[in-house]
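I opened the notebook to follow a handful of side-chain contacts and the sheet they surround. The entries below keep the order in which I looked things up.

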Amino acid sequence: MYNNKIIISPSILSADFANLEKEIKQVEQAGADWLHIDVMDGHFVPNITIGVPVVKSIKRVTNLTLDVHLMIEHPEKYIDAFADSGADIITVHYEADGVKENTEKVLNQIKTKGVLAGLSIKPKTKANEIKQYINLADLILVMTVEPGFGGQTFMHDCAEKLKIIKPLQTDGQYLQVDGGINEETAKICKDFGANSLVAGSYIFNSNDYAKQIQTLR
């Protein structure tokens, strides 16, 4: 899945859920690489979205890499189910109950399922807090908004974390950014070392998905 191009992962949080299959096929045809699926439990973040059955259904209608972002407490309880439902990447939050005290164990649990393991940090978490885990994860996700809702404004100070994390990664690892990504902020993140960009409203609220994806890249 890794190459030198910038990976674009449209977030279905901003898609039209009444026409989800159509939306997914449109971003796939428009040149998306991955599909970012935000799973929220109403506890770790103040929102509730989708779960295992929806991921399983999405897997049937697309060839895109399913980039599943678990914004939930105790994600270790659900890793097997999401992997079995078709997730290709499972990202957990460092701050979540069940992860912070067992980060290495949870990342290894994901890897034993044959999927890529991601570790995400919220805006208030410093990059140095996860230094020891950077090379244990296939992907590090830096949130540039508070997780929970789409359409928020990009937090520039959070992007500075990319400059700390990138030199600690090895070839083949992903450095992903999620939150307020548009043409302008994408350039900032790429300049700081990001090679995977999550974008929701910037893509799905437009009339030309292909154009938006290309401008991000």
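**Entry 1, Asp-33 and its partners.** I began with Asp-33 and noted that, at 13% relative accessibility, it counts as buried. The model is a predicted one, and I keep that in mind for every value written here. I then looked for the partner of Asp-33 and found that its side chain meets that of Arg-217 in a salt bridge, at 2.3 Å from N to O. The two residues come from distant parts of the chain, since Arg-217 belongs to the segment after α9 (209-216) and Asp-33 to the loop between α1 (20-29) and β2, 184 residues apart. Unlike the buried Asp-33, Arg-217 is partly exposed, with a relative accessible area of 26%.

**Entry 2, the other salt bridges.** How many salt bridges does the structure hold? I noted six, and I went through some of them in turn. Asp-84 and Lys-113 meet through their side chains in a salt bridge of 3.0 Å, N to O. Asp-84 lies in helix α3 (residues 79-85) and Lys-113 in the loop between α4 (103-112) and β5 (116-121), so this pair ties together parts that are 29 residues apart in sequence. I recorded Asp-84 as exposed at 57% relative accessibility, and Lys-113 as partly exposed at 31%.

Next I turned to Lys-187, which forms a salt bridge with Asp-191, their closest N and O atoms being 3.0 Å apart. Why are these two separated by about one helical turn? The reason is that Lys-187 and Asp-191 are four residues apart in helix α7 (residues 183-191). Asp-191 is exposed, with a relative accessible area of 55%. I also wrote down that salt bridges with shared partners join Lys-5, Asp-33 and Arg-217 into one network.

**Entry 3, the sheet.** I traced an open sheet of eight strands, paired in parallel, in the order β1-β8-β7-β6-β5-β4-β3-β2. Its edge strands are β1 (7-10) and β2 (34-40), each of which pairs on one side only. On average, and ignoring direction, neighbouring strands of this sheet are turned by 25 degrees against each other.

From the edge strand β2 I followed the pairing to β3 (residues 65-71), which runs parallel to β2 and is joined to β2 by seven bridges. Leu-35 has Leu-66 in β3 as its bridge partner. Four bridges then join β3 to β4, again running parallel, and here Leu-70 stands opposite Val-92 in β4.

Is strand β4 mostly covered or mostly exposed? I found β4 (residues 89-93) mostly covered, five of its five residues being buried. In a regular strand the side chains alternate between the two faces of the sheet. I therefore checked the two sides of β4 separately, and both faces are covered, with Ile-89, Thr-91 and His-93 buried on one side and Ile-90 and Val-92 buried on the other.

**Entry 4, aromatic rings.** I noted three aromatic pairs in the structure. Trp-34 and Tyr-174 form one that is edge-to-face, with 4.8 Å centre to centre and 75 degrees between the planes. Trp-34 lies in strand β2 and Tyr-174 in strand β7 (residues 174-178), so the pair ties together parts that are 140 residues apart in sequence. Trp-34 is buried, its relative accessible area being 1%, and Tyr-174 is buried as well, with 2%. Phe-204 and Tyr-209 form another edge-to-face pair, with 5.5 Å centre to centre and 75 degrees between the planes, and both of these residues are buried.

I also looked for charges placed over rings. Lys-122 lies over the face of Phe-44, at 4.7 Å from the ring centre, while the charged end of Lys-163 sits over the ring of Phe-192, 4.6 Å from its centre.

**Entry 5, a buried glutamine.** My last lookup was Gln-173, which is found in the loop between α6 (161-165) and β7. Gln-173 is buried, with a relative accessible area of 7%. I asked which backbone oxygen lies 2.6 Å from a polar atom of the Gln-173 side chain, and the oxygen I found there belongs to Ala-137.

Conventions:
Residues are numbered from 1 along each chain as its sequence is written. This is a predicted model: local features need pLDDT of at least 70, side-chain atom pairs count only at pLDDT 80 or more; totals for chains, interfaces and linings use all residues. Side-chain values use heavy atoms; hydrogens and water are left out. Two strands pair if DSSP finds at least two bridges between them. Axes are lines fitted to C-alpha atoms, for helices over the stretch in contact, and angles run from 0 to 180 degrees between N-to-C directions. A salt bridge is a side-chain nitrogen of Lys or Arg within 4 Å of a carboxyl oxygen of Asp or Glu. Buried means under 20% relative accessible area, exposed over 50%, partly exposed in between (1.4 Å probe, protein chains only). Rings of Phe, Tyr and Trp (its six-membered ring) pair if their centres lie within 6.5 Å; planes under 30 degrees apart count as stacked, over 60 as edge-to-face and the rest as tilted. A charge sits over a ring if NZ of Lys or CZ of Arg is within 6 Å of the ring centre and within 35 degrees of the ring normal. A polar contact is a pair of N or O atoms within 3.5 Å; within protein, one must be able to donate a hydrogen and the other to accept it, and residues adjacent in sequence count only if both atoms are side-chain atoms.
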